[in-house]
Amino acid sequence: MEKLLVDKVYGESIKVKVKDIIIGGKEKVIISGPCAIESYESLLSIAKELKKIGVHILRGGAYKPRTSPYSFQGLEEEGLKIISQVGKEVDLPVITEIMDTRDVEKAGNYTDIIQIGSRNMYNYSLLKEVGKTKIPILLKRGMSATLEEWLYAAEYIMAEGNQNVILCERGIRTFETYTRNTLDLNLVAAIKEKYRLPIIVDPSHGTGLRELVPKMSISAICAGADGLEIESHINPEKAISDARQTISIPQLVKIMEDVKKFTMYF
Ligand code: PEP
Ligand code: MN
């Protein structure tokens, strides 16, 4: 590999600032919320709880990359408006996924962080487009991407001038089918060794099973993750999307307490 902007030899580790939150600093950053934005009322009630327990950033999908075209596709622009409004009301920065280059400019009016999903990690037009903005980008690992491919995807964004890139390990496809994906914590440790970008871990998509989320959250912190993105809901079983991997607010409270304990060691 040639010399890359992502490489530590290039300079200091990158810290991404989102309002008054620093991703890649001492404090582990917790991003949480439902997989999909379901309605204004539902997101507001979840967000109020998340704010109360000290979550740093609110997540919620407006454009959902669903495997089946017949599944709920998200509230789209209406969803962007909802998450922006709710974020303001509860005073939390927000993150949401953008899938189309045509939506990048518009997203800047609604979200503090743009998420590039696993399915779009190889969408080079989209990577270049978000690279032209200054908006922080959370770049999820493609479900079969190697470290090199993932880093090059980050490089596409950075080469356009946007250095505010956060990596997100969300599990990869392996022969194992018990879990939805195999959470590759090896790369979390490897990235902290050699590369400048902050990395957060998504144990929700990484496992697909809510009962595994607490242990994999702590494992991620021990591997060196700068934070976690966890799907949560007031009524997890009733979540429209990804219910099986969504945890309740009390479950999230417990994880956040444990994260604090383990952060003292890592
Ligand atoms: C998500 O975070 O809602 C999502 C769709 O994740 P991924 O792109 O990792 O599948
Ligand atoms: Mn999801």
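**Metal site, ligand pocket and two isoleucines**

In this predicted model, I57 has a relative accessible area of 0% and is therefore buried, the limit for that class being under 20%. This residue is found in strand 4, which covers residues 57–59. I57 is separated from V94 by 37 residues in sequence, yet the C-alpha atoms of these two residues are 5.5 Å apart in space.

The manganese ion, ligand 2, is coordinated through four residues, namely C35 by its SG atom, H205 by NE2, E231 by OE and D242 by OD, at distances of 2.0 to 2.4 Å. Along the sequence these donor residues follow the spacing C-x169-H-x25-E-x10-D. Because C35 belongs to the loop between strand 3 (29–33) and helix 1 (40–53), while D242 belongs to the loop between strand 10 (227–231) and helix 9 (249–263), the pair ties together parts that lie 207 residues apart in sequence. The relative accessibility of C35 is 3%, so this metal-binding residue counts as buried.

The loop between strand 10 and helix 9 also holds I240, for which the relative accessibility is 45%, so that I240 counts as partly exposed; the class of partly exposed residues runs between the limits of 20% and 50%. Between I240 and E38 the separation in sequence is 202 residues, whereas their C-alpha atoms are 7.2 Å apart in space.

Turning to the other ligand, the surroundings of ligand 1 are formed by R59, K64, P65, E97, Q115, G117, S118, R119, K140, R170, H205 and E231. Of these residues, H205 and E231 are also listed among those that coordinate the manganese ion, and R59 falls within the residue range 57–59 of strand 4. Several contacts to oxygen atoms of ligand 1 can be described individually. An N or O atom in the side chain of K64 is 2.8 Å from an oxygen atom of the ligand, and a backbone N or O atom of S118 likewise lies 2.8 Å from an oxygen atom of ligand 1. For R119, a polar side-chain atom is placed 3.0 Å from an oxygen atom of ligand 1. Taken alone, ligand 1 exposes 300 Å², and the protein buries 97% of that area. The space that ligand 1 takes up is the largest pocket.

Technical notes. Residues are numbered from 1 along each chain as its sequence is written. Chains are lettered from A and ligands numbered from 1 in the order in which they are written. This is a predicted model: local features need pLDDT of at least 70, side-chain atom pairs count only at pLDDT 80 or more; totals for chains, interfaces and linings use all residues. Side-chain values use heavy atoms; hydrogens and water are left out. Donors are N, O and S atoms within 2.8 Å of the metal (3.2 Å for Na, K and Ca); water is not among the atoms, so sites may look incomplete. Helices (H or I, at least four residues) and strands (E, at least two) are DSSP runs, numbered from the N terminus. Buried means under 20% relative accessible area, exposed over 50%, partly exposed in between (1.4 Å probe, protein chains only). A residue is near a molecule or strand if one of its heavy atoms lies within 4 Å of it. A polar contact is a pair of N or O atoms within 3.5 Å; within protein, one must be able to donate a hydrogen and the other to accept it, and residues adjacent in sequence count only if both atoms are side-chain atoms. Accessible areas come from the Shrake-Rupley method with a 1.4 Å probe; for residues, only the protein chains shown count as cover. On a 1 Å grid over the protein atoms alone, a cavity is a set of points where a 1.4 Å probe fits but cannot get out, and a pocket is an open set with protein on both sides within 12 Å along at least five of seven lines; lining residues have an atom within 4 Å of a point. A molecule sits in a cavity or pocket if more than half of its atoms lie within 2 Å of its grid points.
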